[in-house]
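Visitor: Could you take me through one part of this structure up close? I'd like to see what surrounds a single strand.

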Amino acid sequence: QGIESYCKKILNYSQLKGLTEKLCASLAVSDTSSVLSGEVSRLFGDKDVTVILYLFHSRTGELGLSSSQKGQMRVNVKDKHGDLFDQWVIKVMKPLLVEDAQRDFRFDADRLGAERSQGVRSVMSVPLMIGTRAIGILRVDSPHPGYFSNEDLRLLSTIGDIGSVAIENAQLFERIEDLAIRDSLTGLFLRRHLLERLSQEMARQLRRKRDLAFMMIDLDDFKQYNDHYGHPAGDLVLKRVGAILQETFTDPGAFVCRYGGEEFAAVLPDCSRGQAMALAESLRRRIEQEPIPMRRQETHVTVSIGVAAFPLDARLKEELVGKADFALYKAKSRGRNTVCGV
């Protein structure tokens with residue numbers, strides 16, 4: 001038995017080495033999450049074992065599902081924010097081992113049955129910690145009672161320690177990348193990133209034989225607003241308009257950027273020029289009607305919008321941007337607070 005235990009430990013350490021190497025090669029949080037849950041599933045799994053990774057949202061602090069796997073397949077989990085077991089781990093911030101959920105005095109069997117229809121009998125779960133700060137929960141469950149041992153929990157805790165560092169590194173990497181491609185004031189993408197994405201999106205739409213619309217959006221008389229109310233007020237307007245753009249363009253693949261100064265741009269895949277004109281008009285009205293409190297009075301701003309479409313108006317990126325810019329110039333020359341197409 002001692003030799004068998006020793007051999008198992010050597011095997012575990014070998015597998016941990018492989019896990020660490022794979023995690024080090026992952027830079028995105030989504031990739032790191034997938035590698036972690038996949039490797040845990042392979043270490044502990046049979047086809048009935050489910051591995052779930054929850055991470056705390058950096059802004060809201062809410063626990064949310066990052067990845068879930070059953071056997072070697074991704075699986076949909078109903079509890080996107082955790083169940084009774086996960087709440088227990090969050091509360092005490094200690095590893096959890098449940099040999100039989102139906103007999104464990106710490107958990108109400110009736111509530112468990114109501115919360116989760118599929119049978120979960122054995123559970124082990126560990127908090128993912130960076131120092132004293134929790135970043136998530138790594139959990140493994142089985143429909144069979146007595147499936148996991150204390151030794152399994154120790155191994156999962158070690159994996160959790162390795163995974164915590166990898167996930168934090170991936171989160172830091174994504175934050176640094178965000179700083180390079182996002183505007184610090186509005187949180188929108190920067191012009192350089194939009195132009196890179198626009199090239200990729202145009203190529204994709206060409207393959208699919210689908211339309212794409214491009215909008216240039218400019219705040220009217222923004223210099224006068226800045227001069228009258230001051231630059232902090234101008235910053236507030238830019239942030240509010242940026243937020244409205246993000247609320248407006250929510251279709252899959254759509255993205256918005258701060259093109260420069262008081263100018264914004266939007267890329268809308270699967271959108272014809274006619275659809276984009278209607279969207280632009282709706283956006284123009286929304287911004288015009290938006291109250292912006294300033295010095296105890298209600299102020300308003302307006303925008304002019306130029307719209308061009310691919311491949312109807314242009315087949316090259318530079319041509320598409322130029323056509324939208326010309327349409328914006330037309331809108332400005334027609335008295336501002338209006339929408340123009342090519």
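Guide: Here is a walk around strand 13 and its partners. This is a predicted model, where local features need pLDDT of at least 70 and side-chain atom pairs count only at pLDDT 80 or more, while totals for chains, interfaces and linings use all residues. Residues are numbered from 1 along each chain as its sequence is written, and side-chain values use heavy atoms, with hydrogens and water left out.

Strand 13 covers residues 303-310; strands here are DSSP runs of E with at least two residues, helices are runs of H or I with at least four, and both are numbered from the N terminus. Eight of its eight residues are buried, meaning under 20% relative accessible area with a 1.4 Å probe, protein chains only. Val303, Ile305, Val307 and Ala309 point one way from strand 13, while Ser304, Gly306, Ala308 and Phe310 point the other way.

Now for the neighbours. Strand 8 (residues 212-219) runs antiparallel to strand 13, and eight bridges join them; two strands pair if DSSP finds at least two bridges between them. Look for Asp218 opposite Ser304 in strand 13. Strand 14 (residues 339-341) runs parallel to strand 13, with three bridges joining them, and Gly306 has Cys340 in strand 14 as its bridge partner.

Finally, follow the chain: strand 13, helix 10 (residues 317-333) and strand 14 make a β-α-β unit, and the unit is left-handed. For reference, a crossover is right-handed if, with the strands pointing away from the viewer, the path from the first strand over the helix to the second runs clockwise.

Definitions and conventions. Buried < 20%, exposed > 50% of the residue type's maximum accessible area, 1.4 Å probe, protein only.
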